[in-house]
Amino acid sequence: MSILETLGRLGQTSGFYLLLADWRQIVMIVLACVLLYLGLVKKFEPLLLIGIAFGMLLTNLPGSNMYHPELWDAYIAGEITLTHIIHEGGLLDILYIGVKSGLYPSLIFMGVGAMTDFGPLLANPKSLLLGAAAQLGIFAAFLMAIGIFGFAPNVAASIGIIGGADGPTAIWLTSKLAPDYLAPIAIAAYSYMALIPLIQPPVMKLLTTKEEREIKMEQLRPVSKKQKILFPIIVTIFVCLLLPSVAPLLGCLMLGNLFKECGLTDRLSDTAQNALMNIVTIFLSTSVGATAVYYRFLTPQTLFIIVLGLIAFEFATVGGLLLGKLMCKLSGGKINPLIGSAGVSAVPMAARVSQTVGAKANPSNFLLMHAMGPNVAGVIGSAVAAGFLLAMFGG
């Protein structure tokens with residue numbers, strides 16, 4: 001073989017040559033770079049968005065052979081086993097096993113539980129209702145996805161869970177119900193979570209009066225150590241008996257919280273919060289980004305998902321605020337309805353937004369701890385909603 005023939009064959013097998021085979025690959029590489037910019041420069045959920053964007057970049061570099069959607073299609077159809085994927089797949093195929101099995105989201109929830117203080121929720125149990133009301137966004141987006149955009153029920157359920165403002169829950173449910181849509185749903189969920197300080201305040205000001213926003217709430221009662229230890233145990237037993245499908249997520253969330261509160265497992269709590277959380281975040285974000293293969297991502301459905309995701313966030317905020325207004329009236333003006341907007345489970349960002357908006361209306365207002373009750377209730381609420389949707393549409 002001559003040198004020219006060798007160079008010609010090398011050129012035809014290079015990524016640069018293969019890149020010209022389909023313009024959509026170039027678009028996806030540019031989009032990945034845009035998401036990297038948002039994560040690195042604009043700091044939009046950088047811990048996850050950077051990994052997702054880089055996984056997207058890797059999977060769309062022609063010739064890399066790191067992720068093979070066709071293998072996962074065959075696995076879902078029952079034609080091959082995970083052993084075949086391990087032997088024949090690329091690096092990102094192997095990492096994706098943790099997403100498909102639900103391992104990564106569950107371990108993330110363990111870390112979240114170890115970092116979460118349920119004290120504000122226990123001090124004011126009524127805030128659980130605000131967390132439940134904020135799940136309105138999930139079901140509003142679900143109904144619109146079916147009725148207006150014509151998505152199948154399993155896909156609509158995965159789109160709706162964006163309204164829970166809980167990235168790991170969205171990934172967990174979508175990997176079970178609609179894995180082909182995992183990348184756009186995950187990107188929408190984390191992008192809107194990062195934009196909560198821009199999305200929520202206009203709705204909060206529209207639905208509340210200045211007098212309501214100025215309401216100062218009484219200091220929360222102290223919560224005993226015994227209550228904090230019993231809470232994760234009781235919630236796990238009750239909720240997992242009610243909805244067994246949610247046991248992986250909720251069980252890990254409460255186990256992590258028990259590590260934190262019992263005072264006997266500080267090393268385990270520290271590991272769950274830091275080392276384990278960081279390692280799993282790398283694997284989760286990169287493998288989720290890998291599912292954004294150009295010929296599956298660049299479709300009209302992706303645009304619809306982005307739109308529905310925003311609607312879901314808005315309805316979630318509305319649901320919490322409306323119940324907050326009702327509780328304000330029933331309590332004789334003792335509850336500031338702004339804390340209802342924190343019912344979405346973006347912890348602690350949504351609670352901080354409630355504090356910021358309340359402080360602008362009344363500089364002496366301090367709503368953060370009051371808003372943390374609905375905020376952590378939203379974490380439980382979104383997990384329960386995901387378990388319900390999985391039980392309904394998981395087949």
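How much space lies in the second largest pocket? About 370 Å³, and that is where this tour starts. Keep in mind as you click around that this is a predicted model.

**Stop 1: the second largest pocket**

Select Leu128, Ala377, Ile380, Gly381 and Val384, which sit closest to the centre of this pocket out of the 18 residues that line it. Now colour helix 9 (119-123), helix 10 (127-133), helix 17 and helix 24, since these are the elements that give two or more residues to the lining. Switch to colouring by residue type and you'll find 15 nonpolar residues, three polar ones and no charged ones in that lining.

**Stop 2: along helix 17**

Stay with helix 17, which covers residues 225-242 and includes Leu241. Select Leu230, Ile233, Ile234, Ile237 and Leu241 and turn on the surface: together they make a nonpolar patch with about 480 Å² of accessible area. Zoom in on Leu241, which has 68% relative accessibility and so counts as exposed.

**Stop 3: the largest pocket**

Next, go to the largest pocket, with a volume of about 840 Å³. Show Val112, Met115, Met277, Val347 and Pro348 as sticks; of the 31 lining residues, these are the closest to the pocket's centre. Plenty of helices take part here: helix 4 (46-59), helix 8 (103-115), helix 13, helix 14 (182-194), helix 20 (275-290), helix 23 (349-361) and helix 24 (368-393) each supply at least two lining residues. By type, the lining splits into 21 nonpolar, six polar and four charged residues.

**Stop 4: helix 13**

Pick out helix 13 (residues 167-177) by itself. Ten of its eleven residues are buried, so the rest of the structure largely encloses this helix. Among the buried ones to click on are Pro168, Ile171, Trp172, Leu173 and Leu177.

**Stop 5: the cavity**

There is one cavity of 30 Å³ or more to look for. The volume of this largest cavity is about 90 Å³. To frame it, select Tyr67, Pro69, Trp72, Asp73, Ile76, Tyr96, Lys100, Pro179, Asp180, Thr291 and Arg296, the residues that line it. Helix 5 (69-76) and helix 7 (91-100) are the elements that give two or more residues to this lining, and helix 5 has the largest share, with four. Six of the lining residues are nonpolar, one is polar and four are charged.

**Stop 6: charges at the cavity**

Which residue meets the side chain of Asp73 in a salt bridge? Draw a distance to Arg296: the N to O separation is 2.3 Å. Asp73 belongs to helix 5 and Arg296 to helix 21 (residues 294-297), so this pair ties together parts that are 223 residues apart in sequence. Asp73 is partly exposed at 31% relative accessible area, and Arg296, at 24%, also counts as partly exposed. Add Asp180 to your selection, and you have a network of salt bridges linking Asp73, Asp180 and Arg296.

**Stop 7: two more pairs**

The whole structure holds seven salt bridges, so here are a couple more to visit. Glu214 and Lys210 meet at 2.4 Å, N to O; Glu214 is partly exposed at 27% relative accessibility, as is Lys210 at 46%.

Finish at Glu261 and Lys260, where the closest N and O atoms of the salt bridge are 3.0 Å apart. Is Glu261 buried or exposed? At 8% relative accessibility, Glu261 counts as buried, while Lys260 is partly exposed at 29%.

Terms used: Residues are numbered from 1 along each chain as its sequence is written. This is a predicted model: local features need pLDDT of at least 70, side-chain atom pairs count only at pLDDT 80 or more; totals for chains, interfaces and linings use all residues. Side-chain values use heavy atoms; hydrogens and water are left out. Patches are made of residues with over 30% relative accessible area and no salt bridge: like charges are joined within 9 Å, nonpolar side chains (Val, Leu, Ile, Met, Phe, Trp, Tyr) within 5 Å. Accessible areas come from the Shrake-Rupley method with a 1.4 Å probe; for residues, only the protein chains shown count as cover. A salt bridge is a side-chain nitrogen of Lys or Arg within 4 Å of a carboxyl oxygen of Asp or Glu. Buried means under 20% relative accessible area, exposed over 50%, partly exposed in between (1.4 Å probe, protein chains only). On a 1 Å grid over the protein atoms alone, a cavity is a set of points where a 1.4 Å probe fits but cannot get out, and a pocket is an open set with protein on both sides within 12 Å along at least five of seven lines; lining residues have an atom within 4 Å of a point. Grid points are joined across faces, edges and corners, and a volume is the space filled by probe spheres set on the points. Ala, Val, Leu, Ile, Met, Phe, Trp, Tyr, Cys and Pro count as nonpolar, Asp, Glu, Lys and Arg as charged, and the others, Gly among them, as polar.
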